[in-house]
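Work through the exercises below with the sequence and the structure open. Try each task before reading its solution.

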Amino acid sequence: MSKTSEIHLGRQPSKQRLLRIPLREFRKQKKDATKELHELLDETELVQINDLFNKEDGRRMSREQLKEMLARVAKIEYPDEIFEREFLRMNASCNGLVTWDEFISYLILGFEQQEVSTEYKTLAAPIPIGPTMVKSNHRHPINRVTFYPTVKPDRSSTWHDGSIMTCSHDGVINYWTLDMTLERQVQSTCPELKIQTTWVTDLAVLPDVSVICTSSSERDLRFYDTSARKFELRVMITTLDYAVCTMYYKFYEDPDTESKLILGDMGGGVTILYIKTFARGPFKSQPGIPLLHVRWGQVVKGLVGNFRVVQYPHLHTDYVRQVSFYSTLHSVVSCAQCPKAALLMTDVTDSKNVYTYKIAAGVWCFDLDEVTHIVATGGPDCLIRLWNPFVPHRPTCTFYGHHTGIVQLVFQDSGKLLYSMSKDKCIKVWDISLQSCLQTYLDLPPELGERSELTALYNPESRQWIIGSSMIAVIPLSPKQSSEHTDGNTHSSGVSVVLFNKLFRVIVTCGLDSYIIVWNPWDGRRLLVIKEGHTRMLHGEIMSVEITAATFDPGYQRLLTGAHDGTLKIWNFNTGTCLRNMNIETWCEVQCVIWVNSRIMAMGWNKRVTEFADTGEAIGPEGAYSKNWDLRHSEDISAGAVRVPETLATSSYVGELLLWRLETGQPYKKFIVSNPTERIKIQFTVDKGKERRDSPMIMGRKGRLSTVQIPDECFNLRRLAVHCMLFLCSRKSDPMVGTLLVALENGVVQVWNHHISGGFITSFSAVHKAGDYVISMATDDQNEFLFI
């Protein structure tokens with residue numbers, strides 16, 4: 001017996017070809033056709049299918065060819081109805097022929113939709129709402145926000161119990177509750193200054209000994225006893241070599257382990273002040289010594305008990321801007337605007353072990369994540385660099401996008417997200433794994449401070465970022481979703497359009513967050529998400545634009561969306577591919593889109609209907625594939641409806657109702673919904689140099705035309721706006737039969753007939769309380785039931 005068999009592939013006689021397929025393919029068992037196609041094909045079968053595609057003209061197949069090939073090669077036999085639906089999903093070009101690229105893209109999309117993490121990933125923006133502004137109760141801008149935890153007897157602490165501390169340069173220190181309610185106010189002053197006031201540069205909290213330390217431009221350190229709600233100066237160290245400009249405190253659960261107060265000074269040096277905190281150490285009250293006043297030289301020489309000093313002078317050529325302690329590496333981290341030593345990691349156990357990160361512009365701020373071992377730096381060059389702490393010669397990643405220097409950085413969720421803030425109060429959210437910008441947040445108000453410095457504190461428990469300056473702003477960072485508010489799987493803003501696709505049996509929703517989501521209505525699964533469907537460029541940033549209208553093509557294979565900025569897009573919503581871009585007018589919101597018989601009609605704030613051909617490239621008004629209908633509305637169009645092949649109905653925010661002949665694009669009836677029985681004649685004359693316009697006319701007794709005179713007191717009365725319309729397409733076109741429903745803003749639904757001899761028939765109220773109105777209507781195929 002021969003080891004190969006010859007079969008015909010294709011139905012067209014002129015293109016019949018003999019394909020050689022091994023006989024072992026015929027011995028395969030038929031596969032379960034209830035499963036998805038990507039689950040049934042293996043690698044060997046994909047290689048054979050690729051070879052067969054390559055042998056076809058243009059590497060593409062018709063529906064019959066593809067079905068026969070799957071049956072022969074992979075033993076997959078779908079019912080005709082199911083395969084027709086699958087073929088239309090593959091056919092992104094909608095030309096009846098599937099290419100290899102479309103086929104393999106369909107399989108890849110099937111695997112992506114199978115990812116559970118993708119399906120349940122929240123679509124809400126990391127910073128979903130605006131900031132909560134709080135009055136700072138400081139006369140000067142805040143220069144430090146920190147947390148004062150309550151330390152338990154076992155020396156443990158949490159973010160649930162404690163106070164938020166804010167400090168300003170005049171020495172005023174405010175205690176706040178965790179929900180940012182002011183508790184009390186104290187002040188750090190220098191007892192040696194009699195006339196001149198102090199200038200506090202930083203504040204550090206020593207919670208294990210109930211002490212607050214402030215540094216000042218007087219080159220001193222002041223330690224205040226805060227136990228039992230006191231604020232008494234207990235220890236004062238003066239005559240430091242340089243003024244301390246930044247501090248960081250680290251303590252341990254073992255009381256015998258020395259705590260570290262890390263100081264960064266104006267001379268570019270870093271000093272570690274080791275403190276023995278057992279039984280409160282040097283801060284314990286001693287009879288007859290209310291204030292321990294010592295000079296820095298004595299502390300350095302070890303003449304003061306419970307203190308020990310280790311100095312690293314002149315590490316940087318500029319003043320130190322931030323210090324921290326990397327516990328897992330036993331290293332002190334410091335940064336400055338210094339090109340040769342922008343960031344330094346100094347091992348406290350071996351001073352010769354120093355990691356030097358060289359950045360030409362220097363570093364203003366940094367943040368550490370000790371779980372994933374990532375270091376992020378930001379500086380005046382507007383760049384954010386991510387570093388492997390063990391590879392200091394080159395960053396692993398660089399983020400671009402800020403336009404001013406970076407002043408604050410914070411990691412979230414073990415290094416998954418990074419938040420950065422620049423001097424212009426622009427916050428960006430970065431996905432570390434994807435190395436992409438998730439959000440650009442520009443809602444920090446000017447009241448926060450125009451030119452004052454910005455300081456911040458991240459609360460990992462409440463997931464809030466507290467930003468201090470002239471005022472205090474509290475911003476939620478990726479807040480945990482409440483199950484009562486949302487399941488985290490739907491739109492993050494209002495839903496503007498909901499459509500059901502009868503061909504693919506899916507629901508498509510579009511929202512004001514510029515998301516397009518495809519849903520499985522039978523199990524509620526999210527199948528596909530198109531983010532940033534419509535965008536615009538603002539100051540070099542890509543900003544999302546609200547989607548305001550959408551519809552399917554007559555074959556239900558493509559999706560047409562319209563946006564607030566006047567742009568329109570055609571999508572293959574099965575793959576998330578944008579097929580075509582169009583627009584009516586710049587920043588004229590699209591209120592309604594209609595797609596009938598190879599014609600696309602868009603209407604909105606440009607007061608007219610713009611028609612496009614449904615084929616062609618990117619075009620605009622009056623382009624090769626578009627035209628504008630006559631200007632007949634005096635106000636923006638608010639709604640539209642179509643009855644194929646007869647009539648297009650449009651309405652405006654002042655209650656104008658126009659009926660157009662769909663074939664010619666000419667209006668044939670006009671009404672005012674607030675006075676539906678009035679007859680308005682449409683003029684077709686054109687004034688030179690002016691747009692066409694209508695004048696409300698009434699018929700006199702002798703057939704003479706005259707304008708309607710409106711009293712002056714009526715000009716201030718606003719007419720009723722129309723919010724939605726619906727044609728009852730299964731009803732016959734008889735002047736006495738209601739075929740058009742019009743919903744007004746007072747809650748009334750009017751019934752009209754679109755016949756040339758028809759008009760207003762009746763109306764009814766569709767709301768239950770005053771102030772409500774109908775925003776959407778739908779009906780069944782037989783027009784027996786109305787859903788509002």
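The exercises treat a sheet, a strand with its neighbours, and some single residues.

This is a predicted model, in which local features need pLDDT of at least 70 and side-chain atom pairs count only at pLDDT 80 or more, while totals for chains, interfaces and linings use all residues. Residues are numbered from 1 along each chain as its sequence is written, and side-chain values use heavy atoms, with hydrogens and water left out.

**Exercise 1. An open sheet**

Task: Find the order of the strands in the open sheet that contains strand 40, and name its edge strands.

Solution:
- Strands here are DSSP runs of E with at least two residues, numbered from the N terminus.
- Two strands pair if DSSP finds at least two bridges between them.
- The open sheet has four strands in the order 40-41-42-43, with antiparallel pairing.
- Strand 40 (547-552) and strand 43 (577-583) are the edge strands, since each pairs on one side only.
- On average, neighbouring strands of this sheet are turned by 20 degrees against each other, direction ignored. The axes behind such angles are lines fitted to C-alpha atoms, and angles run from 0 to 180 degrees between N-to-C directions.
- Five bridges connect strand 40 with strand 41 (residues 559-563) in the antiparallel sense.
- In strand 41, Leu560 is the residue opposite Thr551.

As background, strands of a sheet pair through backbone hydrogen bonds, either parallel or antiparallel.

**Exercise 2. Strand 49 and its partners**

Task: Decide whether the residues of strand 49 are buried or exposed, then describe how strand 49 pairs with strand 48 and with strand 50.

Solution:
- Buried means under 20% relative accessible area, exposed means over 50%, and partly exposed lies in between (1.4 Å probe, protein chains only).
- Six of the six residues of strand 49 (residues 647-652) are buried, so strand 49 is largely enclosed by the rest of the structure.
- Thr647, Ala649 and Ser651 point one way, Leu648, Thr650 and Ser652 point the other way, and all are buried.
- Strand 48 (residues 637-643) runs antiparallel to strand 49 and is joined to it by six bridges. Across this pair, Arg643 stands opposite Thr647.
- These two strands make a hairpin with three residues between them. The loop between strand 48 and strand 49 holds Pro645, and the peptide bond from Val644 to Pro645 is cis, with omega near 5 degrees.
- Strand 49 also pairs with strand 50 (residues 656-661), antiparallel and over five bridges. Here Leu648 faces Trp660 of strand 50.
- The hairpin of strand 49 and strand 50 has three residues between the strands, and Gly655 takes a positive phi near 90 degrees there.

**Exercise 3. Two residues with positive phi**

Task: Locate Ala279 and Ser514, and state how accessible Ala279 and Ser514 are.

Solution:
- Most residues other than glycine have a negative phi, and most peptide bonds are trans.
- Ala279 is not a glycine, yet has a positive phi of about 55 degrees. Ala279 sits in the loop between strand 16 (270-275) and strand 17 (292-295). With a relative accessible area of 44%, Ala279 is partly exposed.
- Ser514 is not a glycine either, and has a positive phi of about 70 degrees. Ser514 belongs to the loop between strand 35 (506-511) and strand 36 (516-519). Its relative accessible area is 0%, so Ser514 is buried.

**Exercise 4. Surroundings of Thr455**

Task: Which residues does Thr455 touch, not counting residues up to four places away in sequence?

Solution:
- Thr455 lies in strand 31 (residues 455-459).
- Thr455 counts as buried, at 5% relative accessibility.
- Contact means heavy atoms within 4.5 Å.
- With residues up to four places away left out, Thr455 touches Ile142, Asn143, Arg144, Val145, Gln408, Ile466, Ile467 and Gly468.
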